[in-house]
Structure formats: structure tokens, C-alpha cells
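Trainee: Please take one part of this model and go through it closely. I would like a single connected account rather than a list.

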Amino acid sequence: MAVDLPAPLPPRPPSVRSGIGYDSHRLVAGRPLILGGQRIPFELGLAGHSDADAVAHALTDALLGAAAAGDIGRLFPDTDPRWKNADSIKLLAAACDHIRQAGFRPVQADVTVIMERPKLAPFISAMIKTLASATGIPVTALSVKAKTNEGMGFIGRGEGIAAIAVATVEAL
Ligand code: MG
């Protein structure tokens with residue numbers, strides 16, 4: 001028996017997309033430790049061309065990935081003197097402008113920082129506020145968490161830190 005079904009809708013691009021970002025930096029003497037835009041008192045800091053804010057970098061790459069709009073190295077090459085010691089929160093905000101030009105807005109993100117020392121708990125809420133204001137994501141939809149690596153590997157030995165992020169963007 002023939003069934004009278006409505007015609008299928010034409011395919012549409014998805015209106016919500018997710019992306020993943022990863023970053024790591026070496027801990028060295030003579031550099032400030034800046035994570036999520038906060039200067040954290042510690043005897044070592046992160047080596048890098050910019051301020052080496054791995055939290056901001058992982059989040060930037062997650063948002064760019066969600067929008068399929070490139071990556072942080074393509075937008076802000078580490079061979080460009082303009083980005084030497086750059087404030088990575090400003091780079092994150094600029095990447096969000098690029099994402100909006102690509103037709104998306106950031107709506108949600110979750111970041112995990114993996115490092116042995118120092119403890120980040122006192123700085124987490126300030127990081128969330130800074131990252132939320134740079135991206136336009138509400139503070140209630142932006143999460144930052146800190147973990148140790150249980151003493152294992154380069155992170156466990158205190159040679160460096162890593163950050164991983166997932167983010168969601170929505171079509172404008
Ligand atoms: Mg980086």
C-alpha cells in the first residue's frame with residue numbers, strides 16, 4: 001500500500017559543531033607563568049613565542065576547529081615578530097572575531113590543564129571570567145579544570161604542562 005510521505009528536506013549544514021584543542025609548553029626559569037590570562041606566582045614559567053598561555057591556546061584551537069576555520073599557528077605564526085610575547089587572551093579574542101566572520105559564535109567550552117605544580121584552584125574562577133569575556137561565552141557555559149599527571153612523564157617530572165579543550169560553536 002502506498003504511503004503519502006512528505007518530501008525529504010534538503011540537507012542543511014549542522015548549526016552546532018564541536019572542536020578539540022591541545023597545547024603543551026615547557027616550564028623554564030626566567031619566564032612568567034600565565035594561564036587563562038592570570039599571572040600565577042611560581043619559580044618557573046612557560047617557554048614560547050607568545051606569552052605561552054597553554055589554556056588560551058588549547059581553547060583557541062578548539063574554537064577554530066569547531067568552526068573549521070584553521071588553527072592558532074596559521075592565524076598567528078610563531079615566525080611573526082608581531083606575536084612575540086603576545087597576550088594570548090587578545091589572540092583568543094581575535095580568533096573569535098575570525099570565527100564570527102566564518103559564520104559561527106562560540107557557545108560553550110571545557111578546558112583541562114594538566115600540571116603537577118603549582119595548584120591552580122585559587123585562579124580558576126578568574127580564568128573562567130577572563131576566557132568568557134574574550135570569547136563571548138557565558139561564565140555558566142565555560143569550565144576550566146586542573147589535574148596532575150600523577151607524577152608520570154614530562155608533566156609529572158615538572159618539565160612542562162599541557163592543556164586540552166573542547167568547544168562548541170553555533171551557526172549565526
Ligand atoms: Mg601554545
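**The pocket and the metal site**

Mentor: The largest pocket holds about 240 Å³ of space. This is a predicted model, and the pocket is a convenient place to start reading it. Its lining consists of 16 residues, and those nearest the centre of the pocket are Ser50, His57, Ile72, Phe76 and Asp78. Strand S1 (16-28), helix H1 and helix H2 (72-75) each contribute at least two residues to that lining.

Take His57 from that central group. His57 sits in helix H1, which covers residues 54-66. Its relative accessibility is 9%, so His57 counts as buried. Leaving aside residues up to four places away in sequence, His57 touches Asp23, His25, Ser50, Asp51, Ala52, Ile72 and Ser88. Two of these, Ser50 and Ile72, are also among the residues nearest the centre of the largest pocket.

His57 also leads to the metal. The magnesium ion is coordinated by His57 through ND1, by His25 through NE2, and by Asp23, which is listed twice with OD, at 2.2 to 2.7 Å. Along the sequence the donor residues follow the spacing D-x1-H-x31-H. Asp23 and His25 are both buried. Besides their shared role as donors to the magnesium ion, His57 and His25 have side chains joined by a polar contact of 3.4 Å.

Phe76, another residue of the central group in the pocket, leads in a second direction. The structure has one aromatic pair. Its members are Phe76 and Trp83, arranged edge-to-face, with 5.1 Å centre to centre and 85° between the planes. Phe76 has a relative accessible area of 11% and is therefore buried. Trp83 counts as buried because its relative accessibility is 17%, where the cut-off for buried is under 20%.

As for the setting, the chain has five helices and seven strands. In sequence order they give the pattern β-β-β-β-α-α-α-β-α-β-α-β. The C-alpha trace spans about 75 × 35 × 25 Å along its principal axes. Of the 172 residues in the chain, 43% are buried. Among contacts with a separation of 6 or more, 72% are between residues 24 or more positions apart.

To return to the part you asked about, His57 is the residue to keep in view: His57 lies among the residues nearest the centre of the largest pocket, and His57 is a donor to the magnesium ion.

Methods: Residues numbered from 1 in each chain as written. Predicted model: local features only at pLDDT ≥ 70, side-chain atom pairs only at ≥ 80, totals over all residues. Heavy atoms only, no water. Donors = N, O, S within 2.8 Å, 3.2 Å for Na, K, Ca; no water. Buried < 20%, exposed > 50% of the residue type's maximum accessible area, 1.4 Å probe, protein only. Phe/Tyr/Trp six-rings, centres within 6.5 Å; stacked < 30°, edge-to-face > 60°. Helix = DSSP H or I, 4+ residues; strand = E, 2+ residues; numbered from the N terminus. Polar contact = N/O pair within 3.5 Å; in protein donor to acceptor, adjacent residues only side chain to side chain. Contact = heavy atoms within 4.5 Å. 1 Å grid on protein atoms, 1.4 Å probe; cavity = no way out; pocket = protein on both sides within 12 Å on 5 of 7 lines; lining within 4 Å. Points joined across faces, edges and corners; volume = space filled by probe spheres on them.
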